[in-house]
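Here is a short walk through one protein model. Keep the sequence and the 3D view side by side.

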Amino acid sequence: MQMDDRKWTILQAIIKTYLETGEPVGSRTISKYPDLNLSSATIRNEMSDLEEMGYIIQPHTSAGRIPSDAGYRFYVDRMMEENDRRMEQKDKEVTEMKELMIQRQDRMEMILKQLAKFLANNTNYATMISGPQYHRTKLKFIQLSIVDENQILAVIVAEGNVVKNKMIRMEHGLDHEMMLKMNILLNSSLNGLTIEQINLATISKLKEEAGIHSELVSRVLDAVAEAISQEEDMEIYTSGATNFFKYPELSDSEKASELISTFEEKHPLANLMKEESFDQEEHGIQVYIGQETPVSAMKDCSVVTASYDLGDGMYGRIGIVGPKRMDYDKVVGVLKNLTQQLDEIFKKDN
């Protein structure tokens, strides 16, 4: 006799009911379960089969059934297998997400590099494009997995599908069932929150529900804070620095050397590219002329920047640097057109 899905569902119902009430369970009680659309007679027949298989017993004549040791063992083993499958599926989903993000990142880097070259050739000015940064980041998902008796791996997925891994040491070992409960507790309490929204009341409630594993909650929250508030080093792609030599007012050897060094080092550019506020409708067009430019090497230049929006809280900037007599109308038009196209390219991938 095989344990089919119907028998398994009935056995689960008997065990769960008995755990809650401590009383033998009858067919009429089981027939009220929402997952079963069976008559009491059908349920009685299935319960007879389960009794014959040794998974339930009848402690008294005319009484309901209670789980046998074999029934408990089957229940626990089956639940553990299902939990393991769920965890494997989550592992697979996270791995696929990482691979997708690597592919997106590679494609994004290629497009931004090509775009910087295109702008430099099209405008005859120097160009710079920042890789996307994450703003107003929210937590999307947490997965805890056992590595060994002293360590767990926390995989944290933030808005924009940013994936962070963190190894966490444990003082109290967790079995797979408790690990599943911790995953459910953390995700039901924290998903969709920003770091500012994870307040003391939320943390206190989490620790209380975690019991002896409250210290683990603290360490996971530290990892979450690090993942969703950490600023990544800004990647900046540049092109066309030699175009400075095309303009007599910038081609002085000392000025040109300082400008080219700034473009090669890129660090001074990061402050400029981070500084702007993001305006989605106008694409954050900002024009700096001469002394207004926050980069000292560009005091004889003009800089025009615009923001692009990839969705999911990801923003970046494009900048064009040239002489103060640059063609502002053309540069602003080119930037607006390109940022709109860039928005559309990457939002199609979301």
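The text below goes from the whole chain to confidence, then to one helix.

This is a predicted model. The protein chain has ten helices and eleven strands. Of its 350 residues, 44% count as buried. The accessible surface of the protein chain comes to about 18,700 Å². Carbon and sulfur atoms account for 46% of that surface. How do the contacts spread along the sequence? Take those in the protein chain between residues at least 6 apart: 63% join residues at least 24 apart.

Next, confidence. The protein chain averages a pLDDT of 81, and 84% of the residues score at least 70. Where is confidence lowest, and where is it highest? The low end is strand 4 (residues 133-134), at a mean of 64. The high end is strand 1 (residues 56-57), at 92. Over residues 276-282 the pLDDT is below 50. Even so, that stretch has 16 contacts in the model beyond near neighbours in sequence.

Now turn to helix 5, residues 176-190. It has 15 residues. At 1.5 Å a residue, helix 5 should therefore span 21 Å. Its end C-alpha atoms are 21 Å apart, so model and expectation agree.

Which residues of helix 5 are buried? They are Met179, Leu180, Met182, Asn183, Leu185, Leu186, Asn187 and Leu190. An α-helix has 3.6 residues a turn, so residues three or four places apart point the same way. Read the list of buried positions with that in mind. After helix 5 comes Gly192, with a positive phi near 90°.

Definitions and conventions. Residues are numbered from 1 along each chain as its sequence is written. This is a predicted model: local features need pLDDT of at least 70, side-chain atom pairs count only at pLDDT 80 or more; totals for chains, interfaces and linings use all residues. Side-chain values use heavy atoms; hydrogens and water are left out. pLDDT is the predictor's confidence in each residue, from 0 to 100. Helices (H or I, at least four residues) and strands (E, at least two) are DSSP runs, numbered from the N terminus. Contact means heavy atoms within 4.5 Å. The expected span of a helix is 1.5 Å times one less than its number of residues. Buried means under 20% relative accessible area, exposed over 50%, partly exposed in between (1.4 Å probe, protein chains only). Accessible areas come from the Shrake-Rupley method with a 1.4 Å probe; for residues, only the protein chains shown count as cover.
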